[in-house]
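Good morning, and thank you for the time on today's agenda. I would like to introduce a structure that is new to this group, and I ask you to keep it in view while I speak.

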Amino acid sequence: MAIKIIGQPEPKKKAQGRNTKPKAPDLDLNQPGRIRNAHFQHLLGGLSASAFHMRIRKKLVPKPEGRDPRPYWTTETVRKFLEQKK
């Protein structure tokens, strides 16, 4: 009788996290433009994605002004928010 050897099952791959990491914006807040989640997180001191979204839910950070399809804020709104925060 032949013996059949069955290999180990392939390990399941972990799902890649989709949370944003803080990233320095490459534009001047005094010029017109759009600020994304990662840029806003960096401007708020490098918040984690979960802490950033918690602040949006608690209305400590303004809600995004639009989507295309990702959320964004205008530089004017972010500048006013940061000046008010100081």
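I begin with helix 3, where the face turned away from the buried side carries Glu83 and Gln84, both exposed. Please bear in mind throughout that this is a predicted model.

On the other side of the matter, the buried residues of helix 3 are Thr75, Val78, Phe81 and Leu82. These four cover an arc of only 130° around the axis, and therefore they lie on the same side of helix 3. What covers them? The cover of the buried residues of helix 3 includes strand 1, helix 1 and strand 3.

Let me now place this helix in the whole chain. The secondary structure amounts to three helices and three strands. Read from the N terminus, the order of elements is β-α-α-β-β-α. The chain has 86 residues, and buried residues account for 26% of them. As for contacts between residues at least 6 apart in sequence, 43% join residues that are at least 24 apart.

I turn to the sheet. It is an open sheet of three strands in the order 1-3-2, and the pairing is antiparallel. Strand 1, residues 34-35, and strand 2, residues 66-67, stand at the edges; each has a single partner strand, so one side of each is left without a neighbour in the sheet. Strand 1 and strand 3 run antiparallel and are joined by two bridges. In one of these strands, strand 3, we find Trp73 as the bridge partner of Ile35. Helix 3 packs on this sheet, where it touches strand 1 and strand 3, and its direction makes about 70° with that of strand 3.

Ile35 deserves a moment of its own. This residue belongs to strand 1. Is Ile35 buried or exposed? Ile35 has a relative accessible area of 0%, and is therefore buried. Along the chain, Ile35 and Trp73 are 38 residues apart, yet 5.1 Å separates their C-alpha atoms. Setting aside residues up to four places away in sequence, Ile35 touches Pro25, Leu27, Leu29, Phe40, Pro71, Tyr72, Trp73, Thr75 and Val78. Two names in that list, Thr75 and Val78, we have already met among the buried residues of helix 3.

Next, the aromatic residues. How many aromatic pairs does the structure hold? There are four aromatic pairs. In the pair of Phe40 and Phe81, the ring centres are 5.9 Å apart and the planes stand at 85°, so this pair is edge-to-face. The pair links distant parts of the chain, with Phe40 in helix 1 (residues 37-43) and Phe81 in helix 3 (residues 75-85), 41 residues apart. Phe40 and Phe81 are both buried.

A further pair is formed by Phe52 and Trp73. Why is this pair called edge-to-face? Its planes are at 70°, with the ring centres 5.7 Å apart, and planes over 60 degrees apart count as edge-to-face. Here too, distant parts of the chain are linked: Phe52 is in helix 2 (residues 49-57) and Trp73 is in strand 3 (residues 71-74), 21 residues apart. Phe52 and Trp73 are each buried. Taken together, Phe40, Phe52, Trp73 and Phe81 form one aromatic cluster.

Another aromatic residue has a charged companion. Arg34 lies over the face of Tyr72, 3.9 Å from the centre of the ring.

Two further residues complete the picture. Gln41 is located in helix 1. With a relative accessible area of 0%, Gln41 is buried. Apart from residues up to four places away in sequence, Gln41 touches Thr20, Lys21, Pro22, Gly46, Leu47, Ser48, Ala49 and Phe52. The last of these, Phe52, is a member of the aromatic cluster.

Lys23, by contrast, is exposed, with a relative accessible area of 53%. Lys23 is found in the segment before strand 1. Which residues does Lys23 contact, leaving aside neighbours within four places in sequence? These are Ala38, His39 and His42. From Lys23 to Leu43, the C-alpha atoms are 8.6 Å apart in space, and the two residues are 20 apart in sequence.

To close, I return to where I began: helix 3 packs on the sheet, and its residue Phe81 belongs to the aromatic cluster with Phe40, Phe52 and Trp73. Thank you for your attention.

Note on methods:
Residues numbered from 1 in each chain as written. Predicted model: local features only at pLDDT ≥ 70, side-chain atom pairs only at ≥ 80, totals over all residues. Heavy atoms only, no water. Phe/Tyr/Trp six-rings, centres within 6.5 Å; stacked < 30°, edge-to-face > 60°. Buried < 20%, exposed > 50% of the residue type's maximum accessible area, 1.4 Å probe, protein only. Lys NZ or Arg CZ within 6 Å of the ring centre and 35° of its normal. Contact = heavy atoms within 4.5 Å. Pairing = 2+ DSSP bridges. Axes fitted to C-alpha atoms, helices over the stretch in contact; angles between N-to-C directions. Arc of directions from axis to C-beta.
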